[in-house]
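Visitor: Please show me the model. I would like to start with the ligand.

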Amino acid sequence: MKVAADAEKLRSEGVDVVDFGAGEPDFPTPDNIKQAAVRALEQNFTKYTPAGGTAELKKAVCERHTQDFGTDYKPNECIITVGGKHIIFGLMQAMINPGDEVVIPVPYWVTYKDVVNYAGGKCVFVDTDEAKGFTFTAETIAPYLTDKTKMVIINSPSNPSGAVLDRVEFEKIFKLTHERGIYLLTDECYCHFLYDSEPFSIASMPGAKETVLVAGSLSKTYAMTGWRIGFGLIPPAVVGAINKLQSHSTSNPTSIAQKAAVEALRGPQESVKEMLAEYRRRREFVVNRLRQIPGVKCAEPRGAFYAYPNVSVVLGKSGINNTLQLAERLLAEANVAVVPGEAFGTEQHVRLSYATSMHELERGIDRIHQFIVKYA
Ligand SMILES: Cc1ncc(COP(=O)(O)O)c(C=O)c1O
């Protein structure tokens, strides 16, 4: 967000900035979804709804999840939230007590750390294997589980690395956590954007409903970041707790956006496949081009729409001591916005979002190439 704001400021001053910072689809929201919102307005669906979302949308969320992943959630196990971020926030507020440990693989989406800390919890970070595309296994996680562990957070595909957790390992991690009564939060924000594997939800495992917490979002799947609709598929008691929190803070997610979300979930799903095909094309291009920059290494992202290259070749050179400084210099001198890896818990990487046009990708990576060759 900060990178986007800095880039926007430069742009407003007339600078030609290439922006790889924003983690959002460059596609417009599909037309059928927009039309559903127009109909909602015309039909005056513009008043309060239940704080935890309309019955219609909860049902649509459960049905979509069943269709996509073979789960059997019921509306009383569902809550609609103001974006995927808010279900994660709500879960931490409702479930984490001071001193509880939350296990988080690194690199991680920056919000996890802050919301765990805000709830008084303690983040326990687990290193992953960059050489294997930032993946990890049940064996990697096991030593970090203690009697204080309340939750493990898995985000597959991952923001920022694009890593996808192997299904067998995911199942092993589920067994590991389930038998100890540890909650497994699965952030499915990018679950439909997979390049080499089929969509899968750990919530489809037998018994998963007791300990698996699904955090979902329509933001990326349907190019709806500004509409702010997310959801949780979680035990009814947790729905109740988050519902209370929500009722006294945001009240309901926007009524119009909820109608649009119903259409997104129940309407044609072709746009998701079209976006995935385009992201795949861009991924090939971005990874190949980044690997052509001398000294830069780039793990192959298996999902989502981010590349997370290792740029250590330029660190320690010409006053560039960390990736924050690198991002600042790239923006100021090459007019390219990237997100420094420190935000995601690593020190040698930057994140590039390739949810932008091929033209912008070409221009931007050319600039990064020249910048790194100049200083490395
Ligand atoms: C990993 C991950 N989870 C959840 C979200 C939440 O998205 P939103 O609040 O827009 O639904 C994001 C957004 O960037 C994300 O990257």
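Visitor: How far is an oxygen atom of the ligand from a polar backbone atom of lysine 85?

Guide: This is a predicted model: local features need pLDDT of at least 70, side-chain atom pairs count only at pLDDT 80 or more, and totals for chains, interfaces and linings use all residues. Residues are numbered from 1 along each chain as its sequence is written, and side-chain values use heavy atoms, with hydrogens and water left out. A polar contact here is a pair of N or O atoms within 3.5 Å; within protein, one must be able to donate a hydrogen and the other to accept it, and residues adjacent in sequence count only if both atoms are side-chain atoms. For the backbone of lysine 85 and the ligand oxygen, the distance is 2.9 Å.

Visitor: Which residue has a polar side-chain atom 2.6 Å from a nitrogen atom of the ligand?

Guide: Take the side chains in turn. An N or O atom of asparagine 159 lies 2.7 Å from a ligand oxygen. The contact to a ligand nitrogen, at 2.6 Å, comes from aspartate 187.

Visitor: How much of the ligand's accessible area does the protein cover?

Guide: Accessible areas come from the Shrake-Rupley method with a 1.4 Å probe. On its own, the ligand has 400 Å². The protein covers 92%.

Visitor: How many residues surround the ligand?

Guide: A residue counts if one of its heavy atoms lies within 4 Å of the ligand. The closest are Gly84, Asp187, Tyr190, Ser217 and Lys220. The shell divides into four nonpolar, six polar and four charged residues. Ala, Val, Leu, Ile, Met, Phe, Trp, Tyr, Cys and Pro count as nonpolar, Asp, Glu, Lys and Arg as charged, and the others, Gly among them, as polar. The number surrounding the ligand is 14.

Visitor: Why is one side of strand S9 left without a neighbour in the sheet?

Guide: Strands are DSSP runs of E, at least two residues long, numbered from the N terminus, and two strands pair if DSSP finds at least two bridges between them. The open sheet runs S9-S12-S11, with antiparallel pairing. S9 (306–307) stands at an edge, so one side is free: S9 has a single partner strand.

Visitor: Which residue in S12 stands opposite tyrosine 306?

Guide: S9 and S12 (residues 350–353) pair in the antiparallel sense over two bridges. Opposite tyrosine 306 is serine 353.

Visitor: Which residue does a cis peptide bond join to serine 156?

Guide: Omega of this bond is about 0 degrees. The partner is found in the loop between strand S5 (149–154) and helix H7 (167–179). The residue is proline 157.

Methods
Helices (H or I, at least four residues) and strands (E, at least two) are DSSP runs, numbered from the N terminus.
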